[in-house]
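Please open the structure in a viewer and keep the sequence panel visible. The tour below proceeds by selection, one residue at a time.

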Amino acid sequence: MEREAIDSMEQLADHFFPSGNWHMVEGKGGMNNTTMFIDHASERYVLRRYETHREPEKVRYEHEVLAALPEVLDGLSIPKPVRDRHGDTIYVTAAGSAEASNGRLAALFHYMDGSNPELVTDEQLIHFGQTVGRLSEALAQIDIDLHPVYPPYYRLGQSYPLCSPGRLEAFCANPPEDFAEIRETLNRIGERLGEQLVRIARLASLPHQLIHGDLNASNMLQSQDGEITAILDFEFVTRDLRAMEPAVCLSDMLGSMEWSAEEERRCTAFLKGYASIVTLTEAEAVRLPLLILLRRMDVFMHFLSRYFEGIDQADVVIAQAKRLDEGLNWYKQSGPLLKAVSRRVFGYDTN
């Protein structure tokens with residue numbers, strides 16, 4: 001079926017609501033997608049245009065997982081894509097079939113009310129951990145026919161072929177002139193990455209399951225009384241290490257990458273909530289610091305690949321290189337402290 005090239009959010013709204021009886025309320029843009037709220041027939045919808053990729057199979061996998069999850073999971077609402085007049089949940093903006101890879105992708109979801117939660121107090125962080133655990137428990141039960149498109153975090157070479165170990169080592173040892181201000185930082189990263197990549201390769205033996213892969217406050221909603229009521233944005237759902245789910249959450253929580261009594265309190269509260277639902281094995285629990293570092297490495301390689309492709313400028317990579325350098329320092333100095341917290345929370349510290 002031939003489809004006209006549609007790119008603007010207004011044109012996309014016309015596609016999903018051909019009667020034209022719709023009103024676009026507001027929206028926001030991000031690195032991963034652009035969203036708009038649309039009112040139609042006394043209902044509100046969320047129109048999303050994907051910005052980071054143009055492969056329909058990635059969105060199709062996301063939608064299959066969403067279809068397999070209950071609409072309400074223990075009080076948590078899960079987004080459900082709306083079918084267009086052709087019966088599809090994915091729209092490709094360029095002319096061509098649904099298998100086209102050169103057009104932007106769009107999807108429509110039912111709106112869910114709420115605001116992004118605050119994750120400050122112990123009670124809020126425990127609730128956050130419980131929410132992550134409940135979703136993890138549900139995702140562990142799902143088995144769909146489609147093969148996941150995104151590889152596990154630890155398969156960095158598969159995820160970022162432009163960042164082969166040799167090219168990464170050469171880049172860090174002799175960075176281009178655009179990176180002169182962080183030459184020493186990149187040199188340190190290059191010297192340390194090899195050892196960590198060896199450790200990361202051994203992670204493949206840990207338990208695997210489906211994970212959301214990007215759980216943070218911006219991808220959740222809470223009610224007026226502070227209860228987390230919805231989980232959003234399953235764009236990066238894939239089969240990965242089970243322990244990667246809480247590790248991604250912890251990585252985002254450790255904003256400064258400096259261990260302190262405050263960071264210990266926050267991590268302990270989150271892990272207590274998560275452990276009340278999901279029990280990690282001892283091998284998983286002690287590797288949480290390495291998985292947090294893996295998250296930082298993944299982000300750095302993501303933006304470095306975009307730089308090699310000519311998508312991002314050097315300043316974006318410079319910012320991520322500094323964050324990775326902080327992460328490497330944190331892993332060496334504070335990783336053992338978080339490991340001790342994790343062992344204690346999951347019941348493996350018998351002293």
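The stops that follow are three loop positions in a predicted model.

**First selection: Ser-42.** Select strand S2 (33-40) and strand S3 (43-50); Ser-42 is found in the loop between them. Display the backbone at this position: Ser-42 is not a glycine, yet its phi is positive, at about 70°. Is the residue buried or exposed? With a relative accessible area of 83%, Ser-42 lies over the 50% cut-off and is therefore exposed.

**Second selection: Asp-74.** Move along the chain to strand S4 (72-73) and strand S5 (76-77), whose intervening loop holds Asp-74. Here too the backbone merits inspection, for Asp-74 has a positive phi of about 50° although it is not a glycine. A surface representation may be switched on at this point. Asp-74 has a relative accessible area of 56%, over the 50% cut-off, so it counts as exposed.

**Third selection: Pro-175.** Continue to helix H5 (165-173) and helix H6 (183-201), and select Pro-175 in the loop that lies between them. The relative accessible area of Pro-175 is 6%, which is under 20%, and the residue is therefore buried. Which residues is Pro-175 in contact with, leaving aside its neighbours within four places in sequence? Add Arg-183, Leu-186 and Asn-187 to the selection, since these are the contacts of Pro-175 beyond that sequence window.

**Final step: a distance.** Draw a line from the C-alpha of Pro-175 to the C-alpha of Asp-214: the separation is 30 Å in space, and the two residues are 39 residues apart in sequence.

Conventions
Residues numbered from 1 in each chain as written. Predicted model: local features only at pLDDT ≥ 70, side-chain atom pairs only at ≥ 80, totals over all residues. Heavy atoms only, no water. Helix = DSSP H or I, 4+ residues; strand = E, 2+ residues; numbered from the N terminus. Buried < 20%, exposed > 50% of the residue type's maximum accessible area, 1.4 Å probe, protein only. Contact = heavy atoms within 4.5 Å.
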